[in-house]
Amino acid sequence: MKKALLLTLIVALFAGVMPTIAQDVFRVAAVAPSATNDLAFSQSMYDALMAIQMQMGEDNFQFDFQDGTFIVDDAAVALREWAASGDYDLVIAHGSQFGSVVEELAAEFPEVSFAWGTDHNTFGLDNVSAYTAAADEGGFVNGVMAGLMTESDVIGVVGPIEVGDAKLYVDGFVAGVGASNPEATVNVVYIQSFSDVPLATEAAETHIANGADILTGTAQMVVGPIAITIENGARWFGTQASQADLAQGAGVGFQVYKWEVVLSDIIANIQAGNLGGQSYELTLANGGLVMEFDG
Amino acid sequence: MNQAAGTRLASWLNRLVDFAPVLIALLLALVVSSVLLVALNVDPLAAFGFMLEGAVGTENATAETLVKATPILFVGIGITIAFRGGMINIGGEGQMIAGALAGTTVALVLGDLRVPAEMAKTPGAFDLIIVTSALIGGFLAGALYGGLAGFLKAYFGVNEILSTIMLNQIAVQMMNFLLNGILLDPAVAGFNNIPKTARLVTAAQLPRLALPLGDPWIFARTRLHWGLIVAIALAIVIYIFLWRTSLGYRIRAVGENERASSYAGIHVKRQMMLSMFLAGGFAGLAGVVQVLGLQYRLQTDGSPAGFTAAAGFNGIVAALFGGLNPIGAIPASAFFGGLLVGAQKMQREIGVPASLITAVNGLIVVFVVSSEIFILQRSKRRVSLQETNTTLNPPDKSGGSDTPLNPPDKSRGRRDSRAQEAG
Amino acid sequence: MGLDDIFTASVFASAIRLATPYIFAALGETFAQRSGVLNLGVDGIMLMGAFGGFYAVHLAQTAGVLAEPLGLLIGVLVALIVGGLMGLAMAFVSVTLKAKQGISGIGVYLFGLGLSELLFQQWVGTPKSVAGFPRISFPILTDIPILGEIFFHHNLLVYVAFALVPLSAFVLNRTTFGLMIRAVGQNPEAADAMGVSVTRVRYATTTIGGMLAGLAGASLSIALINLFQQNLTAGQGFIAVALVYFGGWRPLTVAAGAMLFSFVNALQLQIKVIGADIPSEFAVMAPYVITIIALVFATKRQEQPTALTKPYERGE
């Protein structure tokens, strides 16, 4: 009887304690430069955090997300507030323009874990993780397919500015076309903006006028070129997130970023007491880059 | 009530009524944004609460408000000069970029010269020569860029609205080109980064600012920097310049009446160029201070606002809100800084897009300029009262002596009274 | 690569498309400015028109209640109404309340920029496309080599924009209404003395300007791009205001300026597509540089309306 009572007591004690251990929620906060539904870079991170929440359960994983912080200082305010609050296990700065801010904050708050990308640089700090995407890999796959599909042997690319994973993707795409169809011409236009939809749209029109029957592009302004692709009966290859819905059947292949692959590693590390210091990369091999096909 | 007290009370009331339109404009903006929030199913009180908290709720929030206000104040001082000189300068964005490019280059070059490479990583005291040279460089570049628009207007009749809009676009592309080329950080040259310069050495940075009150000092762990003090000091300087020097008077004279100034022997073209030169210079300072005090490197995402945070536009708003008076621009900038920083907090906490605040900012501008008509009526009435009855009329009667709805009777009088009031 | 690779028919067609929103917006602004009102908020009105038009068409098409041409027509109507209302508000502010016009325009711009983004985020969210105005294929004409591609394969709003150019010139120069507009912009006191209501004329022109700015936005969102995104116009409204000065307040030269600007833009895209090795940055800045240079060297300059930006105060 006494034993039973003790047992019940112990069970009750554990029952009382266990949930609080389980309720040790992993909390993440992230900034991203564009909208969470931009069908591009920012959406890829938002989708990844949602995926992790699905995987770990809402009781174990929660996140705050501030989108539209294309102004670096707006991101800096949010990042500092989160870091100083001490409420977050991981603070993510999604955008390579936030590097300077992360470098400064991570040094000032060594007990807070930061992740940022796309970049390799952890600034030699133990509490910074850096992540990149081997966007050239999916670009290559898209390029190979585009090279095989094109009938006019002309393919158009609408890029933003010639940097970051935009450049990686475009370079990979051009190489892919070259591998599968050396006859094909790839015309590349960088419009010098991530967001100028009218100019991106007219760049796509110019590609079509010069004989392109397949288009691709990267950044949030591709929504314009996609519309032109549909209108002219051409085909579209995309990257960063799936644009299949917007492309209404004109889409062929999409390289989708699965940041959750990298984030799970970072989270596991932090839970093991290791705040950072490593650089990660999404690849086709590690499942961080996934090709999705439509039609 | 004795006469002196009555006079004092009346003058207080008068002043209160002067501010009333601005307050009413704010109140209207508050009402409209509440309606919008309710339409979006958001409790307006909660939203405004978070805005307030985000703007001044903590030491860090207050510091960020002032950080945001700093470039807006610089631009606002410049815009004040331009608008007082009759030049509508829409080119703040481009002038900021020009200033930042030049100032950053100066800081990088002098920083390398004075601090050997191996020491660059170790903290060294800030160097007055480097920082001052960079600030001057930024001022001059912005001034030349703004002055170019003034020159085109004075000698080729190119409207400054047109040229400054075009020059904004050109400046962004110049920045993209230089940051991806000769100014690109050698450390990241192979890494496909967002284009950016190398980080400034400590000696080339504007120091952070803390107030020696309490322990640790107030603002010690924030991003507040000395740029704010520079801006406030220059606001006072420009106030004196505009209203206490003959050059300042000539600028304002051209702004108020170009033809009359010309008859009075003022070199109108020179004043036009000068006011644009100074306006551009202050925008240039805004740009270089953002780099020296805050970001420590210049970087671009290809859009102007990515670097300027639209301070080139917000400075116009602040200048206006400050009554086109550099001193008035100080609280006005702080107000808009708080609004912008608070809006971000609101977005973080309850998911209302910060674009709401962009819209509300627009409304505030419209309401404030619209209510100016009432201020002008009052000040004019007061001026005419002083002219006619300097001694006898008890001032406390003036408030109700004529109906406030009377239209002002001519446009010539209103500018004069403005200038008097401000001076 | 030769010159015929650069100056292709498609470049001219591209310039015509690019010019369309500028022409709508700049013609509207011409009316306002000729009567003495500077509306610097064109870009904000364009954004609201673009969103309003897009959203109406989007609703009509997802609900499937309206036949396609009718849905598009309603989109145009909504853009005109939204733009007209904002123009009316601008008129109230600058004519009745006599607010400083350059600055109140900035306010209108910020308002339109913020509100269009807010409503888009709340009501639509992710970019969705609509079936916009289709390209028209004319019998025979479209098949003419070169000319067919340049002139006869555009959507309806493109033709409306270009048709408005001579129409606006006619209204301004040959009708009583146009005479009233010019009188009010040039010498409001005299116009007033002759019994022309300065207030009413300025209200009319500013509202017309707003409607055309709204239409300019819709020409992007339901005819040329067929979707809406935050800050869709990317500052085109400011360029449109600049083009009014550029064109010396005359519809024909304003439109010519829009064509020049757009042509250089189309040309820089074509040059990059065919792979010329010039830095993209310089290509993108070319239209802006050339506009300034063209203005500097323009030999004959039209005087701006004397009363531009000056509120009218009645009586002496």
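**A tour of two helices and one interface**

In this predicted model, start with H3 and H11 of chain C: their axes cross at roughly 130 degrees, an angle that is neither over 145 nor within 65 to 115, and the two helices are therefore oblique to each other. To see this, select residues 42-63 of chain C for helix H3 and residues 236-246 of chain C for helix H11, and look where their axes come within 7 Å. As you turn the view, note that H3(C) passes H11(C) in a right-handed crossing.

Next, show the side chains where the two helices meet. On the side of H3(C), select Val42(C), Asp43(C) and Met46(C), which meet Gln236(C), Gly237(C), Phe238(C), Ala240(C) and Val241(C) in H11(C). If you colour these residues by character, they divide into five nonpolar, two polar and one charged.

Now bring chain A into view beside chain C, where 25 residues of chain A are in contact with 30 residues of chain C. On the chain A side, select strand S7 (185-190), helix H7 (197-209) and helix H8 (223-231), each of which supplies at least two residues to the side that touches chain C. Stay with H7(A) for a moment, since this helix gives the most to that side, with nine residues. Taken together, the residues of the side of chain A that touches chain C divide into 13 nonpolar, nine polar and three charged.

Finally, colour chain C by confidence: its mean pLDDT is 90, and 97% of its residues reach 70 or more. For the complex, the predictor gives an ipTM of 0.89 and a pTM of 0.86.

Methods: Residues numbered from 1 in each chain as written. Chains lettered and ligands numbered in written order. Predicted model: local features only at pLDDT ≥ 70, side-chain atom pairs only at ≥ 80, totals over all residues. Axes fitted to C-alpha atoms, helices over the stretch in contact; angles between N-to-C directions. Helix = DSSP H or I, 4+ residues; strand = E, 2+ residues; numbered from the N terminus. Parallel < 35°, antiparallel > 145°, perpendicular 65-115°, else oblique. Left-handed = near helix turned anticlockwise from the far one by under 90°. Contact = placed C-beta atoms within 7 Å. Nonpolar A, V, L, I, M, F, W, Y, C, P; charged D, E, K, R; others polar. pLDDT = per-residue confidence, 0-100.
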